[in-house]
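Please open the model in your viewer and keep the sequence panel beside it. The tour below goes from one selection to the next and says what is there.

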Amino acid sequence: RTLDQLSIPVQFSLHEDQSFNMARLATFVALFVVGLVAFAPLGQAADFFFNEVTGDAVWEAPEYPVAYQDEDASKYWVKDGVASWEYPGDWHEALSDEHDTFYYFNKATEETQWEKPAEMGWVRVTDDEF
């Protein structure tokens, strides 16, 4: 939940036999502000990392490059402060014309496989995406 989604019902009613107490109002406002400051992290996006291949989810960034999504839902990767549309690790995704599906090959080991490698499955997720 974002901070603007939190609602705290507040009602003030003055009856003929009650007097408006400025000290009480000041105390309420002070406690309300302290509460907002204490819950400010709830209003910030909380990033976590999800592996689309293994189903693992972690709070700390994995050791492998992590995919991000731009506003058009296009994936890009950031490694050492440099953004790229292609995965910056050893694995590469390519389309097989013969089979009309993707396959993966490792540039370092020359290994080829049909299944997406787990290290390519990491994506960053924020709480506004679910």
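Where along the chain is Trp114 found? Select Trp114, and you will see that it is found in the loop between S8 and S9. Please keep in mind throughout that this is a predicted model.

**The whole chain**

Before going further with Trp114, colour the chain by secondary structure, which shows 1 helix and 9 strands, arranged along the sequence in the pattern α-β-β-β-β-β-β-β-β-β. Of the 130 residues of the protein, 19% count as buried. If you take the contacts between residues at least 6 apart in sequence, 41% of them join residues at least 24 apart.

**Trp114 and Ser96**

Return now to Trp114, which counts as partly exposed because its relative accessibility is 46%. Leaving aside neighbours within four places in sequence, show the residues that Trp114 is in contact with, namely Ser96, His99, Thr101, Phe102, Tyr103 and Tyr104. One of these, Tyr103, deserves a distance label: Trp114 and Tyr103 are 11 residues apart in sequence, while their C-alpha atoms are 4.5 Å apart in space.

Select Ser96 next, a residue of strand S6, which runs over residues 91-96. Is Ser96 buried or exposed? At 9% relative accessibility Ser96 counts as buried, because the cut-off for buried is under 20% relative accessible area. Not counting residues up to four places away in sequence, Ser96 touches Thr101, Tyr103 and Trp114.

**Two residues with positive phi**

Most residues other than glycine have a negative phi, and the next two selections should be looked at with that in mind. Select Asp100, which lies in the loop between S6 and strand S7 (101-106), and note that Asp100 has a positive phi of about 55° although it is not a glycine. Asp100 is exposed, its relative accessible area being 64%. Then move to Glu110 in the loop between S7 and S8, where phi is again positive, at about 65°, although Glu110 is not a glycine. With a relative accessible area of 69%, Glu110 is exposed.

**The salt bridges**

How many salt bridges does the count come to? The count comes to 3 salt bridges, and you can visit them in turn by showing the side chains. Begin with Arg124 and Asp47, which form a salt bridge whose closest N and O atoms are 3.4 Å apart. Arg124 lies in strand S9 (residues 122-125) and Asp47 in the loop between helix H1 (22-38) and strand S1 (48-51), so this pair ties together parts that are 77 residues apart in sequence. Asp47 counts as partly exposed, at 32% relative accessibility.

Now select Glu52 and Lys75, whose side chains meet in a salt bridge of 2.9 Å from N to O. Since Glu52 lies in the loop between S1 and strand S2 (57-58) and Lys75 in strand S4 (residues 75-79), the pair ties together parts that are 23 residues apart in sequence. Glu52 is partly exposed, with a relative accessible area of 42%, and Lys75 is also partly exposed, at 26%.

Keep Glu52 on screen and add Lys116, because the side chains of Lys116 and Glu52 meet in a salt bridge too, at 3.8 Å from N to O. Lys116 lies in the loop between strand S8 (112-113) and S9, while Glu52 is in the loop between S1 and S2, so here the parts tied together are 64 residues apart in sequence. Through shared partners, these salt bridges join Glu52, Lys75 and Lys116 into one network.

**A pocket and the nonpolar core**

Leave Lys75 and Lys116 selected and add Trp77, Glu86, Tyr87, His92, Glu93 and Met120, and you have the lining of the second largest pocket, whose volume is about 180 Å³. S4 and S6 each supply at least two residues of this lining, which divides into 3 nonpolar, 1 polar and 4 charged residues.

For the last stop, centre the view on Met120, which, not counting residues up to four places away in sequence, touches Tyr87, Trp91, Glu93 and Tyr104. Which residues make up the largest nonpolar core? Select Phe48, Ala67, Trp77, Tyr87, Trp91, Tyr104, Met120, Val123 and Val125, which are its 9 residues in all.

Terms used:
Residues are numbered from 1 along each chain as its sequence is written. This is a predicted model: local features need pLDDT of at least 70, side-chain atom pairs count only at pLDDT 80 or more; totals for chains, interfaces and linings use all residues. Side-chain values use heavy atoms; hydrogens and water are left out. A salt bridge is a side-chain nitrogen of Lys or Arg within 4 Å of a carboxyl oxygen of Asp or Glu. Helices (H or I, at least four residues) and strands (E, at least two) are DSSP runs, numbered from the N terminus. Buried means under 20% relative accessible area, exposed over 50%, partly exposed in between (1.4 Å probe, protein chains only). Contact means heavy atoms within 4.5 Å. A nonpolar core is a set of buried Ala, Val, Leu, Ile, Met, Phe, Trp, Tyr and Cys residues joined through side-chain atoms within 4.5 Å. On a 1 Å grid over the protein atoms alone, a cavity is a set of points where a 1.4 Å probe fits but cannot get out, and a pocket is an open set with protein on both sides within 12 Å along at least five of seven lines; lining residues have an atom within 4 Å of a point. Grid points are joined across faces, edges and corners, and a volume is the space filled by probe spheres set on the points. Ala, Val, Leu, Ile, Met, Phe, Trp, Tyr, Cys and Pro count as nonpolar, Asp, Glu, Lys and Arg as charged, and the others, Gly among them, as polar.
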